[in-house]
Amino acid sequence: AKLGLRSGDKVRVTSPGGSVEGVVSVRKGIQPGTVGIEHGYGHWAMGAQAGSFGNKVWHASSIRGKGVASNRLGISDPSRQGYSTLGDFVVGSNARQDIPVKVEKV
């Protein structure tokens, strides 16, 4: 409400590690001042691009590339090469809790 956003609005979410664009879904249950992004919804690989593994070849699918990948907001891990975000040492996944972000309507 403070940002004047409604369900269906397009927004850009920017963190120190990156930026993503998506569509707002306003709902109850999200703490004021926070953003909730469904993890696992939004790929930049995994079928969104053509690829192969051994003898298996797959074609790119525009549907697989839809959505927002929250890992794109992660803070880079300077100890690892390539695109890699900091890891949560307790559970072994990408650290994606408590990332400061700015939300703006596009």
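Strands, as the word is used here, are runs of at least two residues assigned E by DSSP, and they are numbered from the N terminus. With that in hand, the predicted model can be explored, starting with its sheet.

Three strands form an open sheet in the order β2-β1-β5, and their pairing is antiparallel. Strands β2 (18–23) and β5 (102–105) stand at the edges with a single partner strand each, so one side of each has no neighbour in the sheet. On average, neighbouring strands here are turned by 25 degrees against each other, with direction ignored. As a helpful reminder, strands of a sheet pair through backbone hydrogen bonds, either parallel or antiparallel. Strand β1 covers residues 10–15, and 4 bridges join β1 to β5 in an antiparallel arrangement.

Val-11 is a good residue to follow from the sheet into the interior. Val-11 stands opposite Lys-105 in β5. Leaving aside neighbours within four places in sequence, the contacts of Val-11 include Leu-5, Val-20 and Val-24, along with Glu-21, Gly-22 and Val-103. Val-11 also belongs to the largest nonpolar core, which has 7 residues in all. The other members of this core are Leu-5, Val-13, Val-20, Val-24, Val-68 and Leu-73.

Attention can now turn from the core to open space. Rolling a probe the size of a water molecule over the atoms shows where empty space is left. The largest pocket holds about 1,500 Å³ of space. Its lining consists of 34 residues, and those nearest the centre are Ile-30, Thr-34, Val-35, Gly-36 and Ile-37. Strands β1 and β2 each supply at least two residues of the lining, and the largest share, 3 residues, comes from β2.

Two loop residues complete the picture. His-39 is found in the loop between β2 and β3 (51–53), whereas Ser-70 is found in the loop between β4 (56–58) and β5. Which residues does His-39 contact, leaving aside its neighbours within four places in sequence? They are Ser-70, Asn-71 and Arg-96. Ser-70, with residues up to four places away in sequence not counted, touches Ile-37 and Arg-96 as well as His-39.

Is Ser-70 buried or exposed? The relative accessible area of Ser-70 is 10%, so this residue counts as buried, the cut-off being under 20%. His-39 has a relative accessibility of 38% and therefore counts as partly exposed. Measuring from C-alpha to C-alpha, His-39 and Ser-25 lie 15 Å apart in space, with their positions 14 residues apart in sequence.

How values were computed: Residues are numbered from 1 along each chain as its sequence is written. This is a predicted model: local features need pLDDT of at least 70, side-chain atom pairs count only at pLDDT 80 or more; totals for chains, interfaces and linings use all residues. Side-chain values use heavy atoms; hydrogens and water are left out. Two strands pair if DSSP finds at least two bridges between them. Helices (H or I, at least four residues) and strands (E, at least two) are DSSP runs, numbered from the N terminus. Axes are lines fitted to C-alpha atoms, for helices over the stretch in contact, and angles run from 0 to 180 degrees between N-to-C directions. Buried means under 20% relative accessible area, exposed over 50%, partly exposed in between (1.4 Å probe, protein chains only). Contact means heavy atoms within 4.5 Å. A nonpolar core is a set of buried Ala, Val, Leu, Ile, Met, Phe, Trp, Tyr and Cys residues joined through side-chain atoms within 4.5 Å. On a 1 Å grid over the protein atoms alone, a cavity is a set of points where a 1.4 Å probe fits but cannot get out, and a pocket is an open set with protein on both sides within 12 Å along at least five of seven lines; lining residues have an atom within 4 Å of a point. Grid points are joined across faces, edges and corners, and a volume is the space filled by probe spheres set on the points.
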